[in-house]
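Q: Could you walk me through the place where the two chains meet, and then what sits around it?

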Amino acid sequence: MSEYAVELKEVSKHFGPVVAVDGISLSIRDGEFFSLLGPSGCGKTTTLRLIAGFELLTAGKVYIGGRLQGETPPYRRPVNTVFQNYALFPHMSVFENVAFGLEMQKVRKEDIQRRVLEALELVQLPGMENRKPDQLSGGQQQRVALARALVNQPKVLLLDEPLGALDLKLRKAMQLELKALQHRVGITFIYVTHDQEEALTMSDRIAVMNEGRVLQVGAPGEIYERPADRFVADFIGETNFLEGQVQGRRAGEAAVVVDGVLTLHVPIERGVGMNEEVTVAIRPEKISLHAEPPHPRAVPGVVQEVIYTGTDTRYLVQLTEKTIVTVRQQNVGIGTTVYFPVGAQVYLHWQTESARLLKA
Amino acid sequence: MAAQARSKRETWRLLFLLFPSLFWLIVFFLFPLLLVFAISFGQRGTYGGVRWVLTPENYARFFDPLYLRIFGRTLVIALATTLICLLAGYPLAYFIATRPPRWRNGLILLLMIPFWTNFLVRTYAWLLLLRDQGLINIFWTGALHDLLLQVAMAVPLPIWGPFLEATSTPLNLFGTNGAIIVGLVYGWLPDMVLPCYAAIERLDFSLVEAAQDLYANRLKSFLRVILPLTMPGIVAGSVLVFIPSLGAYITPDLLGGAKSIMIGNVIYSQFMSARDYPFGSAISFVLMAVMLVGTLIYFRMGTE
C-alpha cells in the first residue's frame with residue numbers, strides 16, 4: 001500500500017497541437033483534501049479527467065492507490081467523480097441515481113437499499129428518494145451527485161468545480177459542509193476550482209496551475225504567504241508588484257531601488273544577484289498607513305483614491321511618479337479607524353518579512 | 001365584463017388565424033375521410049359506383065382468410081422493415097451525431113441527397129438491380145460463375161460443385177417479400193435516422209461519462225443511459241417508418257411482382273380494377289384502425 005492515493009509522473013496530454021497538460025508530477029496523500037487551482041484553460045479539468053480515465057495520457061504515468069492505471073477504462077478505476085453540471089441521470093429517481101454505481105458492482109439488493117439511504121442521510125437529503133432530478137433545486141442536485149459518488153466508497157473522490165453553479169451564499173455553506181464531510185468519510189478529495197478563495201478555505205494542499213503546468217504545490221498559508229512566482233502571487237489574492245533593481249545586499253536582505261528613487265528592503269532569495277531586475281510583491285493588507293513615519297524604513301506617499309468596501313477601506317497611494325500601490329485597512333470600528341482623505345501625505349509601513357522578492 | 005369581452009375577442013382572433021388550416025383540414029381531409037367511411041358501409045353497384053345501404057358486410061368480408069393472409073404478410077413486412085431500419089439507422093445516427101459539429105450537417109446532407117430523386121425512379125432502380133436479368137444476377141451468373149469455373153479447373157476439388165451449381169441459375173430476388181423489404185428499408189431509412197439523430201445529438205454525453213464513472217461498462221452505459229434517453233427518437237422513427245410501410249403500394253407493386261402483394265395493393269385493385277369502392281373503403285378503415293391502435297400502444301410504451 002502506497003502512502004499516496006494518487007500519483008502523477010510527468011503526465012502530459014495533447015489535443016492535436018494543443019498541449020493541455022504539460023509534464024506535471026503530483027503526489028496526493030491518502031485522506032488529503034487536494035485542490036487543483038488555476039484559471040480556465042490551465043489544464044486542471046483535463047488533469048482530473050486523466051485521473052478518472054476519461055482521457056488517455058499522451059505521456060507519463062498515473063497511479064491510483066499505488067497501482068499503475070495505463071489505459072484502464074473509467075469503469076475499472078477505484079475513483080468516482082462529481083461532475084460540474086452534476087450529470088444526474090434525468091430518467092432515474094434520486095434513489096436510482098445513487099444506487100446506480102452499487103448496482104453496476106452487483107451489490108446485494110438489501111445492501112443497496114441500506115447504503116443508498118445512508119448516503120442520502122450523509123448529504124442531508126433524506127426523504128427525497130422518489131424525486132426526479134428536475135424536481136430538485138441546484139443545491140439538492142449537488143448533494144445527490146455527491147451521494148451518488150460517495151455511496152461507492154471510492155479510494156479517491158474527484159470533484160470538478162462542483163459548486164460553480166450555486167449562488168454565493170449556498171456556495172460558502174457548501175464549502176464548509178464539503179470540508180466537514182471529507183473529514184468524516186476520510187476519503188481523498190481532489191478538487192478542481194478556479195476560485196482561489198474556495199481553494200484556500202477547503203484544501204489541505206493546493207497545486208496552482210497555469211498553461212498546463214504546476215507552478216507551486218503547498219498548504220494554503222504557504223501558497224498565500226510565499227508564492228513561488230509572480231503568477232501565483234497575482235492569482236491568489238491581491239498583490240502589489242513593484243519593479244526595481246537589486247542595489248545592495250546585507251544581513252539576509254536585499255535593497256531594491258524602485259524607479260530610481262525609492263529603496264525597499266526585502267528578504268533575499270537564493271539566486272538573486274546584484275543589479276538584477278526583480279519584482280517586490282507585497283499584499284495590500286500587510287501594509288499599514290500612518291500620518292507620521294512610524295519607522296525609519298516607512299515609505300512616503302500621497303493618497304490618490306479612497307474606496308470604501310464595507311469590511312475595509314482601500315487606498316490607492318502614489319509612491320513614485322510611476323508606482324501606485326493598493327493598501328487595505330480594516331474598518332475596525334467607528335472612532336478607532338483613522339481615515340485619510342485624498343491628497344493626504346501618508347507613510348506606508350510593513351514588516352520586512354511580509355514583502356517577497358520575485359524574479360522579474 | 002371587460003375580461004369577458006376581451007376573451008371573446010381573443011376567440012375570434014384565434015378562429016381568424018386558424019381559419020386557413022381548419023378550412024384545409026375540413027374540406028380536404030375530414031370530409032373525404034367521412035365520405036370513405038360512409039362508402040365503406042355501402043354496396044357495390046352493378047356497374048361500379050355505390051349503392052347507399054347500411055351494411056357491415058364489407059368489414060365481414062375482410063376476415064376472409066385470403067385477405068387476412070395478405071394483411072398478416074403486410075404486418076410482418078412492415079415490422080421487419082421497421083426493425084431493419086432501426087438496426088441500420090440508429091448506429092448511423094449515432095455515428096453522425098458523435099462527429100465534430102462541422103461534419104454533421106454535411107453527413108446528414110449526404111444521407112438526404114439520394115432522396116431528391118423521384119421515389120418511383122429509385123424503386124425502378126431496385127427493379128433493375130434485383131430482377132433475374134438484373135445487375136446482381138449478371139454478376140452472379142456471369143463474373144462470379146466464370147471465376148468459380150476457373151478456380152475449379154485450376155484446383156479440381158469436389159467442394160466447388162455446389163457453388164458452381166448455385167451460380168449457374170439466377171438468384172430469385174425479384175418478386176419476393178425480401179425484395180419488398182429491401183425497397184421499403186431503402187425508402188424509409190432517413191425517416192428513422194433523422195429523429196434518432198435529433199435525439200442522440202441532444203444527449204448530454206457527460207451522462208455517459210457519469211455512467212462509466214459509476215462502473216458501467218460500454219454495453220451497460222448504452223442500455224441504461226443512452227438507450228432510454230434516446231427512446232423518444234426511436235419511437236418517433238419507428239412510427240414514421242412503420243406507418244408508410246404498412247400502407248405501402250408502389251414498392252410492393254414494383255418489387256413484389258404477382259406473388260407478393262400487400263394490403264395497399266388490395267385497396268388499389270378494389271378501387272381501380274374491381275371497382276368495389278365499398279370494400280376498398282372498408283379495408284382502408286381497418287388499416288387505419290390498426291395503425292392508430294398500434295401507434296397509441298407504441299407511444300404509451302415509449303413514454304413509460
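A: Sure, starting with the yardstick: two residues are in contact if their C-beta atoms, placed from the backbone, lie within 7 Å. Keep in mind that this is a predicted model, where local features need pLDDT of at least 70, side-chain atom pairs count only at pLDDT 80 or more, and totals for chains, interfaces and linings use all residues. Residues are numbered from 1 along each chain as its sequence is written, while chains are lettered from A and ligands numbered from 1 in the order in which they are written.

On to the meeting place: 14 residues of chain B are in contact with 16 residues of chain A. On the chain B side, α9 (206–213) and α10 (218–246) each supply at least two residues, helices being DSSP runs of H or I, at least four residues, numbered from the N terminus. The top contributor there is α9(B), with six residues. By class, that side of chain B has eight nonpolar, three polar and three charged residues (Ala, Val, Leu, Ile, Met, Phe, Trp, Tyr, Cys and Pro count as nonpolar, Asp, Glu, Lys and Arg as charged, and the others, Gly among them, as polar).

Now for chain A itself. Its domain assignment gives domain 1 (4–234) and domain 2 (238–359), with bounds that come from an automatic or database assignment. Taken over C-alpha atoms, the centres of these two domains of chain A are 39 Å apart. Six residues of domain 1 are in contact with six of domain 2, and the domain 1 side of that meeting has two nonpolar, no polar and four charged residues.
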